[in-house]
Amino acid sequence: MKALRWHGRKDLRYEDVPEPSPGPGQLKVKVALAGICGTDLKEYAAGPCLIAPDKAPLTMGHEFAGKVAAVGEGVAGFKVGDRVTGVGYYYCGECYVCKKGLYNLCVNQDFTGLSIDGCMAEYFVIPAYACYQLPDEVSDEAGAMVEPLAVALHAIRQAGVRLGDTVAIVGDGAIGLCALLSARAAGASEVYVVAKHKGRGVLASSLGATAVFYLDDGNPAQQLQKFTGGPGVDAAIECVGRPDTPQLAVELTRRGGTAVITGVFEQPGTLDFSTIMFTEINMVGSSIYVHEGRTAVKMLADKRIDPARLITSRVPLKDAVELGFEALLNDKETNIKVLLRI
Ligand SMILES: [Zn+2]
Ligand SMILES: [Zn+2]
């Protein structure tokens, strides 16, 4: 079968690999669509960041929709032919955090497409616990958005967003825009987006952002203050992972509010700690998801969240490098989520 494998930075190859078979507790999935994540893009352009270089060559990808092709020993609740989506984590179930149900923090974690072969292939295997049935109301395209939506939903939960709260999203990528949709679904009364790219900012506005503050127009925290005349938002969600974005998230947040860090950092950032000490702003991390994949499927099924407009192109797997990865690197105005057709 064909797979897209990471051999090194700027070295992804579309090549033949043996078809996998599911181990105990696993499903073999025939992939229909695989999404290119910001993480995948970082591994391509600047990796290894999170990918395990000693596992290379490794098939990339952890965002997918497909059909069950084979069921491993001991799996209940799935049969061949079921339409499924899923999330990326492998957890051990035995460590102290797993025992508390915090599977996203497992100390023995593996991750699909980063340490174990992923979904940018005709078939891949995945633990059944990381998979969800897709109801008829959820298309394959929407199903392929479940993983990034789960990341965003977890961040909104980490922020403790409540009905009527005000929220600022730092970042105009797929996770930032999923966080905008999730904050609105959570009942936020105002959601502001800090954007770098006009094309994405315009989309954020049409998806319901109260206002978009562009980095080119000066300090976004001052823009927010000018726009609202107020003290900052109840919660800011950092979805970028650049050295200065945590500080920006804090500056957007009101005294006593919450700043959530969701971005993946290639380099350490800086923070003026007096900006959290005197303000009692809570800084909270948000790492992937626990059960939010299931929540995402439900919210897609009843249309509380519609990510269709984040999907900006669909390209064949064999053209993934040029029409997917390079296109995303070179044109962030028009490309947001690229789906690979398999
Ligand atoms: Zn992802
Ligand atoms: Zn564990």
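**Exercise 1: Two domains**

Task: In this predicted model, find how far apart the C-alpha centres of domain 1 and domain 2 lie, and then look at the contact between them.

Solution:
- Start with the distance: 27 Å separates the C-alpha centres of domain 1 and domain 2.
- Now check where each domain runs. Domain 1 covers 2-145 + 307-341, while domain 2 covers 149-285.
- Next, count who takes part in the contact: 16 residues come from domain 1 and 16 residues from domain 2.
- Which helix gives the most to the side of domain 1 that touches domain 2? That's helix H1 (residues 38-46), with 4 residues.
- Finally, sort that side of domain 1 by class: you get 8 nonpolar, 3 polar and 5 charged residues.

**Exercise 2: H1 meets H11**

Task: Work out how H1 and helix H11 (residues 320-330) pack, and which residues meet.

Solution:
- Begin with the geometry. The axes of H1 and H11 are 10 Å apart, and the packing angle is about 85°.
- Angles of 65 to 115 degrees count as roughly perpendicular, so H1 is roughly perpendicular to H11.
- Now look for the residues. From H1 you'll find Leu-41, Tyr-44 and Ala-45, and they meet Phe-325, Leu-328 and Leu-329 in H11.
- What classes do you see in the contact of H1 with H11? There are 6 nonpolar residues, no polar and no charged ones.

**Exercise 3: H4 meets H10**

Task: Do the same job for helix H4 (residues 146-159) and helix H10 (residues 292-301).

Solution:
- Geometry again: H4 and H10 pack at an angle of about 110°, and their axes are 8 Å apart.
- That makes H4 roughly perpendicular to H10.
- On the H4 side, the residues that meet H10 include Val-146, Leu-149 and Leu-153. On the H10 side, Thr-295, Ala-296 and Val-297 are among them.
- By class, the contact of H4 with H10 has 6 nonpolar, 3 polar and 2 charged residues.

**Exercise 4: The whole chain**

Task: Decide how compact the chain is, and see how its contacts are spread along the sequence.

Solution:
- First, take stock: the chain has 11 helices and 18 strands.
- Then compare sizes. The radius of gyration is 20 Å, close to the 20 Å that the globule rule gives for 342 residues, so the chain is as compact as a globular protein of that length.
- The C-alpha atoms fit a box of roughly 60 × 40 × 40 Å along the principal axes.
- How many of the 342 residues count as buried? The share is 50%.
- For contacts, look at pairs at least 6 apart in sequence: 71% of those contacts join residues at least 24 apart.

**Exercise 5: Leu-134**

Task: Find out whether Leu-134 is buried or exposed, and name what it touches.

Solution:
- Locate Leu-134: it's in the loop between strand S10 (131-133) and helix H3 (140-143).
- Count neighbours. A residue needs 20 or more other C-beta atoms within 10 Å to be buried. Leu-134 has 24, so it is buried.
- Leaving out residues up to four places away in sequence, Leu-134 touches Ala-65, Arg-83, Val-84, Thr-85, Gly-143 and Val-297.
- Take one of these: Ala-65 is 69 residues from Leu-134 along the chain, yet their C-alpha atoms are separated by 8.5 Å.

**Exercise 6: Helix H8**

Task: Say why helix H8 (residues 245-252) is largely enclosed.

Solution:
- Count the buried residues of H8: 7 of the 8 are buried, so H8 is largely enclosed by the rest of the structure.
- Among the buried ones are Pro-246, Leu-248 and Glu-251.
- What do these buried residues pack against? The partners include strand S12 (190-195), helix H7 (220-228) and strand S15 (253-261).

**Exercise 7: Unusual backbone spots**

Task: Find the residues joined by cis peptide bonds, and compare the settings of Lys-10 and Ile-288.

Solution:
- Gly-47 and Pro-48 share a cis peptide bond, with omega about 0°. Ala-56 and Pro-57 share one too, with omega about -5°.
- Pro-48 sits in the loop between H1 and strand S4 (58-59), and Pro-57 lies in the loop between H1 and S4.
- Lys-10 isn't a glycine, but its phi is positive, about 60°. Ile-288 has a positive phi near 40°.
- Now the neighbours: Lys-10 has 13 other C-beta atoms within 10 Å and is partly exposed, whereas Ile-288 has 21 and counts as buried.

How values were computed
Residues are numbered from 1 along each chain as its sequence is written. Chains are lettered from A and ligands numbered from 1 in the order in which they are written. This is a predicted model: local features need pLDDT of at least 70, side-chain atom pairs count only at pLDDT 80 or more; totals for chains, interfaces and linings use all residues. Domain bounds come from an automatic or database domain assignment. Two residues are in contact if their C-beta atoms, placed from the backbone, lie within 7 Å. Helices (H or I, at least four residues) and strands (E, at least two) are DSSP runs, numbered from the N terminus. Ala, Val, Leu, Ile, Met, Phe, Trp, Tyr, Cys and Pro count as nonpolar, Asp, Glu, Lys and Arg as charged, and the others, Gly among them, as polar. Axes are lines fitted to C-alpha atoms, for helices over the stretch in contact, and angles run from 0 to 180 degrees between N-to-C directions. Angles under 35 degrees count as roughly parallel, over 145 as roughly antiparallel, 65 to 115 as roughly perpendicular and the rest as oblique. The radius of gyration is taken over C-alpha atoms; the globule rule is 2.2 Å times the number of residues to the power 0.38. A residue is buried if 20 or more other C-beta atoms lie within 10 Å of its own, exposed if 12 or fewer, and partly exposed in between; C-beta atoms are placed from the backbone.
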